[in-house]
Amino acid sequence: MQDKNGKGAAGGSPSGGGSAAAAQNSLHLNGHTDSSNGHNPIITPSPQQQSDSQTPNPVPTSAAVVPRDQWGGKYEFLLSCLGYCVGLGNVWRFPYLCYRNGGGVFLIPYFIMLFVTGVPLFLMELSLGQYGSAGPIMVWKCCPLLKGIGIGMLCVSTLVCLYYNVIIAWTFYYLGSSFQSPLPWSCDAVANAAICGNGTVGNSSLERPRSPTEVFWNENVLGVVNSEGLHDPGPVRWPLALCLLAAWIIIFLCMLKGIRSSGKVVYVTATFPYIVLIVLIIRGATLEGSLQGVAFYLTPDWSRLANAQVWNDAASQIFYSLGIGVGGLLSMASYNKFDNNVIRDTIIITVGNCSTSFFAGFAIFSILGHMAWRKGVPVGKVADTGPGLAFVAYPEALALLPGSVFWSIMFFLMLFMLGIDTLFGNMEGITTAVLDEFPNLRRNTLHKSLFLGTLCFAFYLMGLLLVTDGGIYWFTLIDSFSTSFGLIIITLFMCIGISFFYGVNQFCQDIIDMICHCPPWCSKVLIYFKACWVFCTPFLLLFILIYIFLEMYNTPLHYGSYVYPRWGKGLGVCMGATCCLQILIWAVVAISRETGTLKERFKKSIRPLNSWRVNNQNSAARSEEHVEPEQVEAPFTVTLTDMDFTAMTWETGSNA
């Protein structure tokens, strides 16, 4: 049904994009006379009426619209997307999940989830953003009923930006501390003489010994030892607050000119981590015990494939790593040229990102293997996940290397580059959505700068809660629930909405329309993606969603030995629910704006608006031609008023 509606909306064109004449007719019929917003009877004009209505009406040009920016080249877009996807999760989450879930055998569910859920959803977001040339909210002109998906993406992006820059602040703190010799978390430091001198490092007592890196992390950096839990945040730790301020200032300066500035920055921030990873792998390969660490990382445990937890971890890592459903991909793709080959870009970015995750595991575990060899303990005793790996285990391993100051500076500089690229994408999702809703901000550079500055400062003020003594408890809470079930529900509705409301055949045709000279392999690959969007991907998303709810109900949330109270866990559930409830709220709003029975309202609310396709008739020439401002936001079905009939009668009489 939706494919039929989509083609009818496009003016009956079999290509789905509609001819320019049909789109122009639709625009003139609806232009200034559709002030009733669908409250008048819906009448499909006859061919004669369409012919009569082709005389263009004068369109006011006083409110000129500033054309959207475009990437300076395809490499800027590829590097920006790659930098956005290749983040801290590739370094501190994937290697840990790999060894925890059966070593090398984890790659089997990981790549299955990649090609069945990750790649199809990645292509869907890129295609939707590129075809619509709009951000996460405005792009849902293709199906107004699902506008809440864009609002939900905005909520997720806000939560992610809130805590993600705190990681960059921690990285700044460690980076500054790395210029000291000896390193302040090494046994050579005077302050750690008592800890290391008592033999607490590497002893075999039942009580787990404290290492200098743990003391530095928990006491010097976080101050978590001064807090009792979520209810006791304590005072702000001002060294961290200054690092957080510096991080937001850098984000502001890099994004000040939009993609024209961030697109140039990624040439450094997206490539530098690869240089560091290669150097760390070469250095790690020369260390005693490195092969022990690599073997621990890759040794397969085939029995783990029967465990549902392994498959859930693989799927969650794909979402976490690729940044699906947050709006960043959609926003960055909206600045592409209309004829960019999104299928090629999708394959390059997704395979490159996941290969980087696997590649980073060798850099991490070769050095952790050396650390385990030096301490005489199994590698599992020194491996950790999340911040524990990046700020405790790995810095301790670096402190054991000759030239530890240099290696520490390189490592934390790499973490900074990884984090800032991901934050670029998340912030781009927010700013693009707002600028699309308020286009006047694009026209005035000063107002746009003030908006970006206000946004960054607001995030900084909210982030101060996360740099208090108990800030790590709030950090863990937001990190656990911001990209949990809410994100899965958002992507599930995005997949179902495009496949069944907008029409999967129509969507595939849109992709072919964008790729002007579509190679034969593109059309064949789309058959696979179509099967995923309709069957495989929704099914797997439902499986992940059910598992998350079961795990959330049965497993308590904790940080270290601290177990979160019920009210804290309930607060996290409210965060996730707030994101996905936007879909229901805005669907009700869209239906209530239409007229007729409930069934008629529903049908009207899933039809694309005029501006969805009319704008794209000139997309290929946007950089050269001026695009007039949109005049209406109405469904494709033409709504005629009394003025239209009067005008048609007058034109017929004058022609006679």
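**Notebook: a walk from S133**

**Entry 1: S133 and the ground rules**

I began with S133, which sits in the loop between helix 7 and helix 8. Helices here are DSSP runs of H or I with at least four residues, strands are runs of E with at least two, and both are numbered from the N terminus. I noted that this is a predicted model, where local features need pLDDT of at least 70, side-chain atom pairs count only at pLDDT 80 or more, and totals for chains, interfaces and linings use all residues. Residues are numbered from 1 along each chain as its sequence is written, and side-chain values use heavy atoms, with hydrogens and water left out.

What is the sign of phi at S133? I found a positive phi of about 50°, although S133 is not a glycine. Most residues other than glycine have a negative phi, and most peptide bonds are trans. I also looked up the accessibility of S133: at 11% it counts as buried (buried is under 20% relative accessible area, exposed is over 50% and partly exposed is in between, with a 1.4 Å probe and protein chains only).

**Entry 2: a cis bond**

Next I went to P182, in the loop between helix 8 and helix 9 (193-197). Is the peptide bond from S181 to P182 cis or trans? I read it as cis, with omega near 0°.

**Entry 3: the whole protein**

I stepped back for an overview. I listed 28 helices and 2 strands in the protein. Of its 656 residues, 58% are buried. I then looked at contacts (heavy atoms within 4.5 Å) between residues at least 6 apart in sequence: 85% of them join residues at least 24 apart.

**Entry 4: helix 7 against helix 17**

I followed helix 7 (residues 107-132) to helix 17 (residues 342-375), and found their axes 9 Å apart at an angle of about 140°. Axes are lines fitted to C-alpha atoms, for helices over the stretch in contact, and angles run from 0 to 180 degrees between N-to-C directions. Helix 7 and helix 17 are therefore oblique to each other (angles under 35 degrees are roughly parallel, over 145 roughly antiparallel, 65 to 115 roughly perpendicular, and the rest oblique). Their crossing is right-handed; that is, the near helix is turned clockwise from the far one by less than a right angle, while anticlockwise would be left-handed.

I noted some of the residues in this contact, including F111, L114 and F122 of helix 7 and I343, I349 and F358 of helix 17. By class, I have 13 nonpolar, 5 polar and no charged residues in the contact of helix 7 with helix 17. Ala, Val, Leu, Ile, Met, Phe, Trp, Tyr, Cys and Pro count as nonpolar, Asp, Glu, Lys and Arg as charged, and the others, Gly among them, as polar.

**Entry 5: two residues that touch helix 17**

I checked L78 in helix 4 (residues 74-85). L78 counts as buried at 15% relative accessibility. Leaving aside neighbours within four places in sequence, L78 is in contact with D345 and I349. The C-alpha atoms of L78 and G263 are separated by 9.8 Å, with their positions 185 residues apart along the chain.

Then I looked at I281, in helix 13 (residues 272-285). Which residues does I281 touch, not counting those up to four places away in sequence? They are F359, F362 and A363. I281 and S366 are 85 residues apart along the chain, yet their C-alpha atoms are separated by 7.3 Å.

**Entry 6: helix 8 against helix 23**

Back at helix 8 (residues 147-177), I found that its axis and that of helix 23 (residues 485-514) come within 10 Å and cross at roughly 155°. Helix 8 and helix 23 are therefore roughly antiparallel to each other. Helix 8 passes helix 23 in a left-handed crossing. Here I149, G152, M153 and V156 in helix 8 meet L487, I490, F493 and M494 in helix 23. I noted 7 nonpolar, 1 polar and no charged residues in the contact of helix 8 with helix 23.

**Entry 7: cysteines**

How many disulfides does the structure hold? I found 0 (a disulfide is a pair of cysteine sulfur atoms within 2.5 Å). C85 is in none, and its nearest cysteine sulfur, that of C81, is 6.2 Å away. C85 is buried, with a relative accessible area of 2%. The closest cysteine sulfur to that of C155 is in C579, 5.0 Å away, too far for a bond. C155 is partly exposed, at 22% relative accessible area.

**Entry 8: L435**

My last stop was L435, in helix 19 (residues 404-437). L435 is buried, with a relative accessible area of 4%. L435 touches L441, R442 and K448, not counting residues up to four places away in sequence. From L435 to K448 I counted 13 residues along the chain, with their C-alpha atoms separated by 8.4 Å.
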